[in-house]
Amino acid sequence: MATKSHITLALQLVVVALVLSIANGKGLKLGFYKKTCPRAEAIVKSITASKISLAPSLAAPLLRMHFHDCFVRGCDGSVLLNSTKNNQAEKDGPPNLSLRGFQIIDAAKTAVEAACPGVVSCADILALVARDAIQQIKGPAWPVPLGRRDGRVSIASESRTLPPPNANITQLKSLFASKGLNVKDLVVLSGGHTVGTSHCSTISSRLYNFTGKGDTDPSLDSDYVPFLKSKCKPNDRTTLLEMDPGSFRSFDDDYYTMVSKRRGLFQSDAALLDDKKTSAYVKLQAQTHGSTFFSDFKDSMVKMGQIGVLTDKAGEIRKVCTLVN
């Protein structure tokens, strides 16, 4: 039987999720700039398409940038701010040092500012670019309600609250619940790992020193370990690994096949097999060639894009995405 403390914790998480689901996204709507900047979405889409057609590998980092923005202080564009003499910003926090694609956000902002000065936020532009970049590599296109305003605060140390690649399922569920996202959102958004790359340093301990005894993570398929070790030598901090080998540039359902075979790159990927709900979802998508993944991903991205947004008179509309006005 569940103990009182477990029941209390479960109830607290439910209450937090309910409060956040009500608060998240308040004030956002589709077509927000219809009258004030009618071409805004088309301009962002055009800029993104031109950039991603030349560098499709940037689609995954842009999706990750949106995720990292929303999970720290909400979707307020704080991840875009540069550090100053007196403050180290989010983008210089350890989990964000590998983020790429800021130049695409800046290009889209410059083009939108030329059409409608001081109207469209950087937070909205980041949300649109992430969606348009994924669509450009044959991924799903989700609706993006707009009306976010830009935050004025960005603190590097707060980036440490992002879900780490070595998180277990309990930690992941707690982190997602704290943002108003449920267990299904967790396993669906993890599917974003179907695109992109990661450094060998991220999985080094899984391969060479999992428990401090020079061993390998037993949750990894033992037949897959030699392949990973051939790519990543001990102490290799520079080599890039494909998150979804063979199709890391195309958005598809292969991620779930890899995880079901115990070949997910991160411990957080492997952790999805440690919970009944997430494991069932992984196996369903692997067995049905992602029958519901795209539609589920769209739903979860809409929810994620509404985390802790600033609207109405909160925040500001930055003139330049890297600087507070």
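This is a walk through one helix, one residue inside it, and the salt bridges that link separate parts of the chain. Keep in mind that the model is predicted.

Let's start with helix α3, which covers residues 59-71. A quick geometry check first: at 1.5 Å a residue, its 13 residues should span 18 Å, and the end C-alpha atoms are 19 Å apart, which agrees. The helix is mostly covered, with twelve of the 13 residues buried. Among the buried ones are Ala59, Pro61, Leu63, Met65, His66, Phe67 and Phe71. What does the covering? The elements packed over those buried residues include α2 (40-54), α4 (102-115), α5 (122-136), α6 (169-177) and α13 (293-304).

Now zoom in on Asp69, which sits in α3. Is Asp69 buried or exposed? Asp69 has a relative accessible area of 1%, and because the cut-off for buried is under 20%, Asp69 counts as buried. Setting aside residues up to four places away in sequence, Asp69 touches Gly74, Cys75, Asp76, Gly77, Ser78, Val79 and Leu126. One of these contacts can be pinned down further: the side chain of Asp69 reaches the backbone nitrogen of Val79 at 3.4 Å. You can also look across to Glu90, 21 residues from Asp69 in sequence, with a C-alpha to C-alpha distance of 8.8 Å.

Moving on past the end of α3, you meet Arg73, whose phi is positive, near 70 degrees. Arg73 also brings us to the salt bridges. How many salt bridges does a search of the whole structure find? The search turns up eleven. In one of them, Arg73 pairs with Glu158, and the closest N and O atoms are 2.7 Å apart. That pair links distant parts of the chain: Arg73 is in the loop between α3 and α4, Glu158 is in the loop between α5 and α6, and their positions lie 85 residues apart in the numbering. As for accessibility, Arg73 is partly exposed at 39%, and Glu158 is partly exposed at 22%.

Next up is the salt bridge between the side chains of Lys173 and Asp275, at 2.9 Å from N to O. Here too the partners come from distant parts of the chain, with Lys173 in helix α6 and Asp275 in the loop between α11 (267-270) and α12, 102 residues apart. Lys173 is partly exposed, with a relative accessible area of 32%, whereas Asp275 counts as buried at 13%.

A further salt bridge joins Asp185 to Lys303, whose closest N and O atoms are 2.6 Å apart. Asp185 lies in helix α7 (residues 183-190) and Lys303 in helix α13, so the pair ties together parts 118 residues apart in sequence. Asp185 is buried, at 4% relative accessibility, while Lys303 is partly exposed at 32%. Helix α13 is one we have already met, among the elements that cover α3. There is also a network of salt bridges, linking Lys45, Arg131 and Asp132.

One last stop is helix α12, residues 276-287, which holds Ser279. Ser279 counts as buried, with a relative accessibility of 9%. Leaving out neighbours within four places in sequence, Ser279 is in contact with Leu272 and Leu273.

Note on methods. Residues numbered from 1 in each chain as written. Predicted model: local features only at pLDDT ≥ 70, side-chain atom pairs only at ≥ 80, totals over all residues. Heavy atoms only, no water. Helix = DSSP H or I, 4+ residues; strand = E, 2+ residues; numbered from the N terminus. Buried < 20%, exposed > 50% of the residue type's maximum accessible area, 1.4 Å probe, protein only. Contact = heavy atoms within 4.5 Å. Polar contact = N/O pair within 3.5 Å; in protein donor to acceptor, adjacent residues only side chain to side chain. Expected span 1.5 Å × (residues − 1). Salt bridge = Lys/Arg side-chain N within 4 Å of Asp/Glu carboxyl O.
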